[in-house]
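Reader: I am new to this structure. Please walk me through it, and show how each label is earned.

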Amino acid sequence: MVDLKEELRLIREPILVELTEVIESGDYILGKKSEELEKLVAQYVGADYGIGVANGTDALQLSLMALDIGPGDEVITTPFTFFATAEAIEQVGAKPVFVDIEEETYNIDPAKIEAAITPHTKALIIVHLYGQVADMKEIMKIAKTHQLKVIEDACQAIGSECDGRRVGALGDIGCFSFFPSKNLGAFGDAGIVVTNQKELYEKVSKLRNHGSETKYQHSTIGMNSRLDELQAAILLVKLYYLDIFLHKRKEIARRYTEHLHHLFKTPSVQENREHTFHQYCIELDNRDELAAELNKKGIASAIYYPIPLHLQEAFQHLHYKEGDFPVAEKSAKRILALPMFPMLSFQKQDYIMSTVKRLMKNNG
Ligand SMILES: *Cc1c(COP(=O)(O)O)cnc(C)c1O
């Protein structure tokens with residue numbers, strides 16, 4: 001699905017320079033590179049503070065912990081996301097409450113949020129799936145009315161803008177993953193929490209480091225979830241290329257849509273809600289057939305995600321059933337991601353598109 005070799009050719013030299021610097025510095029955890037990355041990513045997304053952590057899942061868990069969310073609390077989120085979004089809610093002892101998605105964007109449907117709010121609801125985790133921004137304007141209104149905290153799971157959406165402001169800094173606290181396949185990817189696990197609130201910044205900084213500000217003094221129970229200095233050094237190089245890479249993703253998406261929109265449902269881009277195309281997902285009846293045929297022609301495709309979270313075995317105790325979230329369930333059966341990465345050449349993309357066109361014609 002993603003070919004990182006071409007990208008590596010471009011960034012290999014500067015990365016080796018950065019890595020050597022770290023190795024020789026002897027500072028391997030939370031050193032100068034991490035600090036610089038925290039500053040630059042916060043600046044990039046328009047937040048006052050950034051706190052480097054071990055991965056995106058921890059970023060979510062630490063955000064919930066910093067907001068004092070735990071047993072007895074409910075957190076509203078989407079069932080159509082990567083497992084980690086709801087896993088983090090369970091990890092702090094709170095209860096995930098799912099709300100169905102919008103057909104057009106695959107993100108949580110604001111019109112359905114209020115019906116899910118109870119006296120126990122403390123927060124919303126808003127996922128910007130595939131790089132497409134959720135309806136933050138409506139969501140923030142609801143959050144304000146009901147005094148709920150907003151955590152953005154922006155793991156797939158670094159750089160996506162909503163009304164000219166980048167995601168991650170639109171709610172109370174934002175989470176990013178630098179998993180290798182993400183739009184800004186490390187060579188291992190890494191993540192960051194961003195916020196404009198000093199109190200949350202201080203809390204997350206402490207929580208990620210065993211609840212300690214001063215060595216061997218622990219004021220609270222935290223985690224070991226620090227940013228690896230080698231990963232930070234790699235990310236500093238890749239951050240430099242991020243806007244170019246996002247631009248290329250959008251250009252590849254534009255070409256896919258131009259040539260394929262008459263064959264099946266292609267991604268919609270909403271006014272004032274950007275899409276940075278972490279994934280380019282189409283929707284069609286005979287999804288599995290097309291995937292199998294593409295595979296025979298040497299073209300990868302993937303399903304994000306085949307099972308909505310409310311139907312996952314791990315969430316059986318929440319007592320949801322098939323039919324509870326029809327849009328998420330329908331999407332899970334029909335969605336298919338086509339190859340999408342910045343270094344995908346137009347020539348290769350043309351081959352993918354002509355193959356898809358031919359297969360669709362054969363299948364009627
Ligand atoms: C990748 C991802 C995560 C988890 O990030 P990790 O760094 O893999 O822990 C969480 N939520 C979403 C939506 C993701 O895509």
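**Labels and their reasons**

Author: Glu-199 is exposed, with a relative accessible area of 54%. This is a predicted model.

Reader: Why is Glu-199 called exposed?

Author: The label exposed needs a relative accessible area over 50%. Glu-199 has 54%, so the label applies.

Reader: What makes Glu-199 and Lys-203 a salt bridge?

Author: The rule asks for a side-chain nitrogen of Lys or Arg within 4 Å of a carboxyl oxygen of Asp or Glu. The side chains of Glu-199 and Lys-203 meet at 3.8 Å, N to O. That is within 4 Å, so the pair counts.

Reader: Where do Glu-199 and Lys-203 lie?

Author: Both are in helix H6, residues 198-207. They are four residues apart, about one turn of the helix.

Reader: Which residues are joined into one network by salt bridges that share partners?

Author: Lys-265, Glu-283, Asp-285 and Arg-334 are joined in this way.

Reader: Is Lys-203 exposed, or partly exposed?

Author: Lys-203 has 24% relative accessibility. Partly exposed runs between 20% and 50%, so Lys-203 counts as partly exposed.

Reader: How many salt bridges are there by this rule?

Author: The count comes to 27 salt bridges. One of the pairs is Glu-103 with Lys-330, whose closest N and O atoms are 3.1 Å apart.

Reader: What makes Glu-103 and Lys-330 a link between distant parts of the chain?

Author: The two are 227 residues apart. Glu-103 sits in the loop between strand S3 (95-98) and strand S4 (121-127). Lys-330 belongs to helix H9, residues 326-334. Both partners are partly exposed: Glu-103 has 39% relative accessibility, and Lys-330 has 34%.

Reader: How do you know that Arg-166 and Glu-161 form a salt bridge?

Author: Their N to O distance is 3.8 Å. The cut-off is 4 Å, so they qualify. Arg-166 is partly exposed at 22%, and so is Glu-161 at 28%.

**A charged residue without a salt bridge**

Reader: Why does Asp-58 have no salt bridge?

Author: The nearest side chain of opposite charge, Arg-226, is 9.8 Å away. A salt bridge needs a distance within 4 Å, so this pair fails the test. Asp-58 is also buried.

Reader: What does the side chain of Asp-58 make a polar contact with?

Author: It is the side chain of Ser-225, at 2.6 Å. A polar contact needs N or O atoms within 3.5 Å, so the distance fits. Asp-58 is found in helix H3, residues 56-66. Beyond its neighbours within four places in sequence, Asp-58 is in contact with Met-223 and Ser-225.

**Cysteines**

Reader: How many disulfides are there by this rule?

Author: The count comes to zero. For Cys-155, the nearest cysteine sulfur is that of Cys-175, 6.4 Å away. A disulfide needs sulfurs within 2.5 Å, so Cys-155 is in none.

Reader: What about the sulfur of Cys-162?

Author: The closest cysteine sulfur to that of Cys-162 is in Cys-175, at 17 Å, too far for a bond.

Reader: Why are Cys-155 and Cys-162 called buried?

Author: Buried means under 20% relative accessible area. Cys-155 has 10%, so it is buried. Cys-162 has 7%, so it is buried too.

**Around the ligand**

Reader: How many residues surround the ligand?

Author: There are 13 residues around the ligand. The closest are Gly-56, Thr-57, Asp-153, Ser-177 and Lys-182.

Reader: Which atom of Gly-56 lies 2.7 Å from an oxygen atom of the ligand?

Author: It is a backbone N or O atom. Thr-57 has a polar side-chain atom 2.5 Å from an oxygen atom of the ligand. For Ser-177, an N or O atom in the side chain is 2.6 Å from a ligand oxygen.

**Two opposite cases**

Reader: Is Ala-154 buried or exposed?

Author: Ala-154 has 0% relative accessibility, under the 20% limit, so it counts as buried. Its place is in the loop between strand S5 (149-153) and strand S6 (161-162). Leaving aside neighbours within four places in sequence, Ala-154 has contacts including His-128, Val-167 and Phe-176.

Reader: Is Thr-145 buried or exposed?

Author: Thr-145 has 58% relative accessibility, over the 50% limit, so it counts as exposed. Thr-145 lies in helix H5, residues 136-145. Its side chain reaches the backbone oxygen of Lys-141 at 2.9 Å.

Note on methods
Residues numbered from 1 in each chain as written. Predicted model: local features only at pLDDT ≥ 70, side-chain atom pairs only at ≥ 80, totals over all residues. Heavy atoms only, no water. Buried < 20%, exposed > 50% of the residue type's maximum accessible area, 1.4 Å probe, protein only. Lys, Arg positive; Asp, Glu negative; His and termini not counted. Polar contact = N/O pair within 3.5 Å; in protein donor to acceptor, adjacent residues only side chain to side chain. Contact = heavy atoms within 4.5 Å. Near = heavy atom within 4 Å.
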